[in-house]
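Please open the model in your viewer and keep the sequence panel beside it. The tour below moves from the whole chain to single residues, naming at each stop what to select and what to look for there.

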Amino acid sequence: MPAPGENLRINSARLWDSLEEMALIGPGVAGGCNRQTLTDADSEGRHLFKRWCEAAGMTMGVDTMGNMFATRAGTDPDALPVYMGSHLDTQPTGGKYDGVLGVLGALEVVRTMNDMGVRTRRPIVVTNWTNEEGARFAPAMLASGVFAGIHTEEYAKGRRDLEGKVFGEELARIGWVGDEKVGARKMHAMLELHIEQGPILEAEGKTIGVVTHGQGLWWLEITLTGKDAHTGSTPMNMRVNAGLGMARITERVHQIAMSHQPNAVGAVGQVKVFPNSRNVIPGTVVFTVDIRSPEQGKLDAMKAEVIRAAHAVAKELGLGCEIEDVGHFDPVTFDPGLVEVVRGAAERLGYSHMDIVSGAGHDACWINRVAPTVMIMCPCVDGLSHNEAEAISPEWAAAGTDVLLHAALEVAEVVA
C-alpha cells in the first residue's frame, strides 16, 4: 500500500486550541495542570474528550477500568484496528502536554482524515488510558497494565491513595466504570505520541524522536522504623532516627546509579515522614526509590544493590526496614517494523529526526506485551516535564502529530 502524500498535514491551530482548552480543566497554581486521575477534574476532561470524539463521528467504548476507546470505522469490519493515544491524567503539579498531546494529537489525526475524506481499511481507535501517571494511585500505567495482563483488575481496583481512598470506589464515584471487559479488545498495532520529557532532542536540534526502546524500572517503597523522640532532650548516641536512615539511603541510591553509567538513573522521590513535627526525631519514614535502565543487567544489579544498601544502613542505625515492590517493568524493545514506519514518515515529511530511548514509562510499554507498538516523540523546552513550567511549541506539536498521521495511515492502510 503506498504511503500517503507528503503534502497531507494536520490542522496545527486546531490541535493547539484543543490542547489549551483541555488545560483549562484542572488548572494548576503556576500555569500547568492538576488533573489527577479519578478526580472531578479528570471526569470533566473525559467528558470533553468524549464530546470531541463523538463530534468527529467516532463511537465511544469504555472498559471496567475506565479506559476510553473512540473508534473510527474502517472499510473492513473484520480487520484489527490501529490504536493511537496516551493519557489525560496529570501529576499534581503537571504540565499541559505530558500524555495529553498523545490523546489530542490522535484525535486531530482523525479530524484531519475527516477533513480530507480519507478512508482506511482498518478501523482507527483513539485511546485515553486511565491512571498512567501513578501519582495518586501507584503503580504508574495501572489500567494499561491490567489491559496487558500485568496486573489483575482486583489488585488495581484495590489500590489506595495517600488519603486511603480506593481506586475502584473513586472510579465509580466519577461515573467512568464502563461495561467492556478489560483486555478483550485486540489490536493490529498501537502508536503513542508523547513529549520527550528529557533534553536530548532539543539539545541535538532534532524535531522527531523515533523511539526504539524504553527503559525498564523498579519502584521500591522503603519503610524505616525507629523511635519518635524529642529533638532537644534526646542524646545523639541514644537516637533511633529513621530520617537519618532515609538520608543515607538517598545518597547510596545516587552512588549506585552513578556506578552503573552510562544508561542508568536513580533517585528517591515520594517521602512521608512521621510524625513530621519540627521538634520530633522521625520515628517512621516511608519513601520510594526509582531506578531505571534500558539494560536488563544493570536494572537487576541496581535493584539488588539498593536493597542490600537499605538493609545495611538500617542495621547500622538500629532501624526496622521493610521493602515493597510497588512498580516494575522490564526494558522494552518497540516493534522494528513500526519503528521503520515512523522513521520513514519523518523522512518523507522532511523533519529532522533521531533514534531515541524513552527515559520515562508509558502505556505503550505495557501494550507492547500484547500488540506491536511504537512511540513518537517531540521535544520539550529544557527537557522539563512533571512540572507546571513544562512547555512545547505549536510547531513541535504539529510535527509530531504529522508523523503520527502518516504512520497511522500507512499502518491502517489507506483505501484509494
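Helices and strands here are DSSP runs, with at least four residues for a helix and at least two for a strand, and they are numbered from the N terminus. Keep in mind throughout that this is a predicted model.

**The whole chain**

Begin with the protein chain in a cartoon view, where 12 helices and 15 strands can be traced. The radius of gyration is 22 Å, close to the 22 Å that the globule rule gives for 416 residues, so the chain is as compact as a globular protein of that length. If you align the view with the principal axes, the C-alpha atoms fill a box of roughly 80 × 45 × 35 Å.

Switch next to a surface view, in which the protein chain exposes about 16,500 Å², with carbon and sulfur atoms supplying 52% of that area. Buried residues make up 56% of the 416 residues. Among contacts between residues at least 6 apart in sequence, 80% join residues at least 24 apart. If you colour by charge, you will find 36 positive and 53 negative side chains, and the centres of these two sets lie 4 Å apart.

**The nonpolar cores**

In soluble globular proteins, nonpolar side chains tend to be buried together. Which residues have the most contacts inside the largest nonpolar core? Select Met84 and Leu104, which hold that place in a core of 103 residues. The largest share of this core, 12 residues, comes from helix 12, which spans residues 394–412. A second, separate core has 25 residues, and Leu224, Ala264, Ala309 and Cys321 are among them.

Return to Leu104 and show what surrounds it: leaving aside neighbours within four places in sequence, Leu104 is in contact with Leu15, Ser18, Leu19, Met22, Phe49 and Trp52.

**Helix 12 and helix 10**

Now select Val411, which lies in helix 12 and is buried, with a relative accessible area of 10%. Not counting residues up to four places away in sequence, Val411 touches Val82, Arg122, His188, Ala189, Leu338 and Val341. One of these partners, Leu338, is 73 residues from Val411 along the chain, yet the C-alpha atoms of the two are separated by 8.2 Å.

Move on to Leu349, which lies in helix 10 and counts as buried at 7% relative accessibility. Beyond its neighbours within four places in sequence, Leu349 is in contact with Glu6, Leu8, Arg9, Asp402, Val403 and His406. For a distance to draw in the viewer, take Leu349 and Pro379, which are 30 residues apart along the chain and whose C-alpha atoms are separated by 17 Å.

Is Glu347, in helix 10 (residues 336–349), buried or partly exposed? Glu347 has a relative accessible area of 48% and is therefore partly exposed. A line drawn from Glu347 to Val177, C-alpha to C-alpha, covers 42 Å, and the two are 170 residues apart in sequence.

**The loop before helix 4, and the loop after it**

Select the loop between strand 4 (124–128) and helix 4, where Pro139 is found. A cis peptide bond joins Ala138 and Pro139, with omega at about 5 degrees. Met141 is found in the loop between strand 4 and helix 4 as well, and has a positive phi of about 50 degrees although it is not a glycine. Met141 is buried, with a relative accessible area of 3%.

Next, go to the loop between helix 4 (142–147) and helix 5 (153–157), which is the place of His151. His151 is buried, with a relative accessible area of 16%. Setting aside neighbours within four places in sequence, His151 is in contact with Pro139, Leu142, Gly145, Val146 and Trp366, so selecting it together with Pro139 leads back to the previous stop.**On either side of strand 9**

For the last stop, select Pro262 in the loop between helix 8 (242–259) and strand 9 (265–274). A cis peptide bond joins Gln261 and Pro262, and omega is about 0 degrees. Then select Asn276, in the loop between strand 9 and strand 10 (280–281). Asn276 has a positive phi of about 60 degrees although it is not a glycine, and Asn276 is exposed, with a relative accessible area of 62%.

Notes
Residues numbered from 1 in each chain as written. Predicted model: local features only at pLDDT ≥ 70, side-chain atom pairs only at ≥ 80, totals over all residues. Heavy atoms only, no water. Rg over C-alpha atoms; globule rule 2.2 N^0.38 Å. Buried < 20%, exposed > 50% of the residue type's maximum accessible area, 1.4 Å probe, protein only. Contact = heavy atoms within 4.5 Å. Areas by Shrake-Rupley, 256 points an atom, 1.4 Å probe, with all protein chains shown as cover. Lys, Arg positive; Asp, Glu negative; His and termini not counted. Charge placed at Lys NZ, Arg CZ, Asp CG, Glu CD. Core = buried A, V, L, I, M, F, W, Y, C linked by side-chain atoms within 4.5 Å.
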